[in-house]
Amino acid sequence: MAEIKCTVTNCYFNKKLGCTASSLTVNGRNADESRSTSCHTFIEQKPGLRSSVDEPRGNTDILCAAVKCVYNESERCQADDIIVNGKNASVPEETCCSTFKSKANEGGIH
Ligand code: SF4
């Protein structure tokens with residue numbers, strides 16, 4: 001469960017840079033870096049359509065396939081908060097989880 005800060009302001013679920021979705025799915029099974037991850041829950045807000053009327057949550061359940069991330073435990077995100085980026089995205093692949101941190105770099109060269 002995490003609080004999500006999200007710059008994808010044209011997503012249906014985005015409100016004041018927060019996320020109103022009750023759960024997120026993040027892709028990136030083979031990701032070694034954040035730009036290879038993506039927020040699969042993204043829905044492009046088409047002009048003229050109402051966006052989500054809910055308020056941003058602080059405890060979003062995150063299912064995440066990016067198993068090479070240090071915060072990933074059994075395909076769930078254990079971070080307290082994450083940052084999703086992807087301004088002006090039109091498809092999920094143009095978004096990413098910027099909080100991704102590779103397990104390979106843990107304890108490596110700094
Ligand atoms: S911080 Fe890591 S485990 Fe959490 S959503 Fe982002 S990529 Fe997945």
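Exposed here means over 50% relative accessible area, and buried means under 20%. Keep those cut-offs handy while you click around, and remember that this is a predicted model.

**Stop one: Ser74.** Select Ser74, in the loop between strand S7 (72-73) and strand S8 (76-77). Its relative accessible area is 71%, so Ser74 counts as exposed. Now check the backbone: phi of Ser74 is near 50 degrees, a positive value in a residue that isn't glycine.

**Stop two: Asn88.** Move on to the loop between strand S9 (81-85) and strand S10 (96-97), where you'll find Asn88. Phi is positive here too, near 65 degrees, and again the residue is not a glycine. With a relative accessible area of 65%, Asn88 is exposed.

**Stop three: the ligand.** Next, pick the ligand and show the residues around it: Val26, Ile62, Cys64, Ala66, Cys69, Tyr71, Asn72, Cys77, Ile82, Cys97, Thr99 and Phe100. Colour that shell by residue class and you get ten nonpolar residues, two polar and no charged.

**Stop four: the cysteines.** How many disulfides does the structure hold? Zero. Try Cys6, which is in no disulfide: the nearest cysteine sulfur belongs to Cys11, 6.2 Å away. Cys6 is buried, at 10% relative accessible area.

Then jump to Cys39. Why is there no bond from Cys39 to Cys11? The closest cysteine sulfur to that of Cys39 is the one in Cys11, and at 6.5 Å it is too far for a bond, because a disulfide needs the two sulfurs within 2.5 Å. Cys39 is buried as well, with 9% relative accessibility.

Conventions
Residues are numbered from 1 along each chain as its sequence is written. This is a predicted model: local features need pLDDT of at least 70, side-chain atom pairs count only at pLDDT 80 or more; totals for chains, interfaces and linings use all residues. Side-chain values use heavy atoms; hydrogens and water are left out. A residue is near a molecule or strand if one of its heavy atoms lies within 4 Å of it. Ala, Val, Leu, Ile, Met, Phe, Trp, Tyr, Cys and Pro count as nonpolar, Asp, Glu, Lys and Arg as charged, and the others, Gly among them, as polar. Buried means under 20% relative accessible area, exposed over 50%, partly exposed in between (1.4 Å probe, protein chains only). Helices (H or I, at least four residues) and strands (E, at least two) are DSSP runs, numbered from the N terminus.
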